[in-house]
Amino acid sequence: MDAANLRDRAREDRLRRLRQLRKEFFEVPLFENKYTVQQIIGEGASGVVCSAVDNETGELVAVKRVSRGFDKIPVSVRILRELKFLRLLRSHQNIVEIKDILMPGSTRDFNDVFVVFELMPTDLNHVLRSKTELSELHIKYFMYQLLRGLYFLHTAGVFHRDLKPNNILINNQCALRICDFGLARAAFDDEPDMVYWTDYVATRWYRAPELIMTHFTKYSTAIDIWSAGCIFAEMLGKGKPLFPGKDGYDQLQLMTSVIGSPSDEAISKVQSARVREHFQMLPRKRRMPFTQIFPNADPEACDLLEKLLDFDPARRPTAGEALAHPYFKAFYEPGNEPMGKPIDQNEFAFERKKLTPESMRLLFLEEIMLYHPEHSREFFQDTRHGEFELPSQADVFASAMRSVQEGIAQRKTTSMPKAKFKPISEAYKAKREKMRQAEAEQEAAGAKDERVPMGSSASWYGPSRPRGRASPY
Ligand code: ADP
Ligand code: MG
């Protein structure tokens, strides 16, 4: 079959899929649906993203439908985590914003979650794969915004862990927003330092060397900095990925052929003895200067890139340090970049509980109701008298109220209208404080035993030594 035929067939397939999706996308019962699907704009690991038009206002939005059902607890946990991160990190210009989560038609048996975002015309992957030529200024402005977003995330104690061009949205004004928090994690102070990355499936090409050599490593914001470096190089290289490794081994080979063999000091910090030995046996490779790889690029850009792509995570600059690099002097205002507030650990208390599809569904409902406070009373009443079998309904309910109180209600926002939030009275706050104390006492009295690491979250509380010997790659 010739190329033209193949193209025609691919176009037909796409159109057939679009017709089917238009029919099916919103077919599940929703409390109220005012959107009509326009196009499929993305299909990722967790769901389908469509552009849609608000039938009342004519406004265009992006709707991500996640329909895995609640019986796959680890998948649901990831999605819930993403919704929470996006809400908690909502106020920053370089993070995509959730406008709404559609209310299901029934509280008892809904399986699909529809998340409404502002519609961004494209993502960086499309830009890089298209014929659009990025100017030096475009690249600088995108990198500035990416690092600015990372500065906000990292100062809030959040690691994105899956930065790549597909997860970076761009609009017509060249504004950049980081999206897809499906793999993001928060570092809480009492977390053990060493963790398993059992659920870590991020795209290899943008993965930091410390994550390729072993999955047993410290959480560090430097992994996002490495990915930012790879994205920077891809922009400078007119869309050519810097390290398109076929497998872990190949990935490391490509890295060392550009940035040179790691120093003895960097090797000595590698956790796995096997990987250390492996590196010591390999012939030494010299660094290839970025000024040679990108001869037309600004030398300041090459200098920054070299720093971002340091083999040793401890030597990579933080997002804040990278922003202060002379390369960004046209944009960066020292002391004026918004920092994130550490996120509330209570928001993620659910990860330590035993979860069932029913309790998962309730947790999603609580999250959805934060966008529909005017309906929350009737919905939760329905739930309380309904058929949910919860380990501790009161406890989960209380935690939802706390989210409203500490999360949304008090959070400053530039994006969501204030009228959406219920004011909270002093009397209510006092009552909540009492309840929280009672909960803390209960927990201290032995409730800790009930904490079961669930599914993918096991890596947060994972055992402190390796389980068996895994391949270093
Ligand atoms: P997944 O977890 O499935 O990868 P993403 O949130 O990354 O989900 O979305 C998949 C794709 O959909 C993105 O790569 C992007 O192309 C597109 N997309 C996501 N959100 C938006 C949005 N708000 N506006 C426009 N396109 C979007
Ligand atoms: Mg994605």
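Select Val53 to begin: in this predicted model, Val53 stands opposite Leu60, a residue of strand 3. Strands here are DSSP runs of E with at least two residues, and helices are DSSP runs of H or I with at least four residues, both numbered from the N terminus. Residues are numbered from 1 along each chain as its sequence is written, while chains are lettered from A and ligands numbered from 1 in the order in which they are written. Because the model is predicted, local features need pLDDT of at least 70 and side-chain atom pairs count only at pLDDT 80 or more, whereas totals for chains, interfaces and linings use all residues.

Now extend the selection to the whole of strand 2 and strand 3, which pair in the antiparallel sense over six bridges; two strands are said to pair if DSSP finds at least two bridges between them. These two strands form a hairpin with five residues between them, and in the turn Gly58 has a positive phi of about 80°.

Move next to strand 1, which is joined to strand 2 by a hairpin through four residues. Strand 1 and strand 2 (residues 48–54) are antiparallel, with seven bridges, and within this pair Gln39 stands opposite Ser51 of strand 2.

On the other side of strand 3, select strand 5, which pairs with strand 3 in the antiparallel sense over six bridges. Two residue pairs can be picked out here: Val66 has Val113 of strand 5 as its bridge partner, and Val63 stands opposite Val116. Val116 also has Asp100 opposite, and strand 4 and strand 5 run antiparallel, joined by three bridges.

With these strands displayed together, the open sheet of five can be followed in the order 1-2-3-5-4, with antiparallel pairing. Strand 1 and strand 4 (98–101) are the edge strands, each pairing on one side only, and the twist from one strand to the next averages 30°. Add helix 2 (residues 73–88), which packs on the sheet and touches strand 3, strand 4 and strand 5, its direction making about 135° with that of strand 4. Contact here requires C-beta atoms, placed from the backbone, within 7 Å, and the angles, from 0 to 180 degrees, are taken between N-to-C directions of lines fitted to C-alpha atoms, for helices over the stretch in contact.

Turn then to ligand 1 and display the 21 residues around it, of which Gly42, Gly44, Ala62, Phe117 and Asp180 come nearest; a residue counts as near if its C-beta atom, placed from the backbone, lies within 6 Å. Strand 1 (35–43), strand 3 (60–66) and strand 5 (113–118) are the elements that each give two or more residues to this shell. Colouring the shell by class shows 10 nonpolar, seven polar and four charged residues, where Ala, Val, Leu, Ile, Met, Phe, Trp, Tyr, Cys and Pro count as nonpolar, Asp, Glu, Lys and Arg as charged, and the others, Gly among them, as polar. Ligand 1 lies between domain 1 (3–121 + 341–413 + 453–461) and domain 2 (123–328), because both give residues to its shell; the domain bounds come from an automatic or database domain assignment.

A further stop is the open sheet of three strands, in the order 6-8-9 with antiparallel pairing. Strand 6 (122–123) and strand 9 (176–178) stand at its edges with a single partner strand each, so one side of each is left without a neighbour in the sheet. Strand 6 is joined to strand 8 (residues 168–170) by two bridges, and Thr122 has Ile170 as its bridge partner.

Finally, colour the chain by pLDDT, the predictor's confidence in each residue from 0 to 100. The mean for the protein chain is 78, and 76% of its residues reach 70 or more. Residues 385–425 stay under 50, as do residues 446–473. Where pLDDT is low, the predicted coordinates should not be read in detail.

Technical notes. Two residues are in contact if their C-beta atoms, placed from the backbone, lie within 7 Å.
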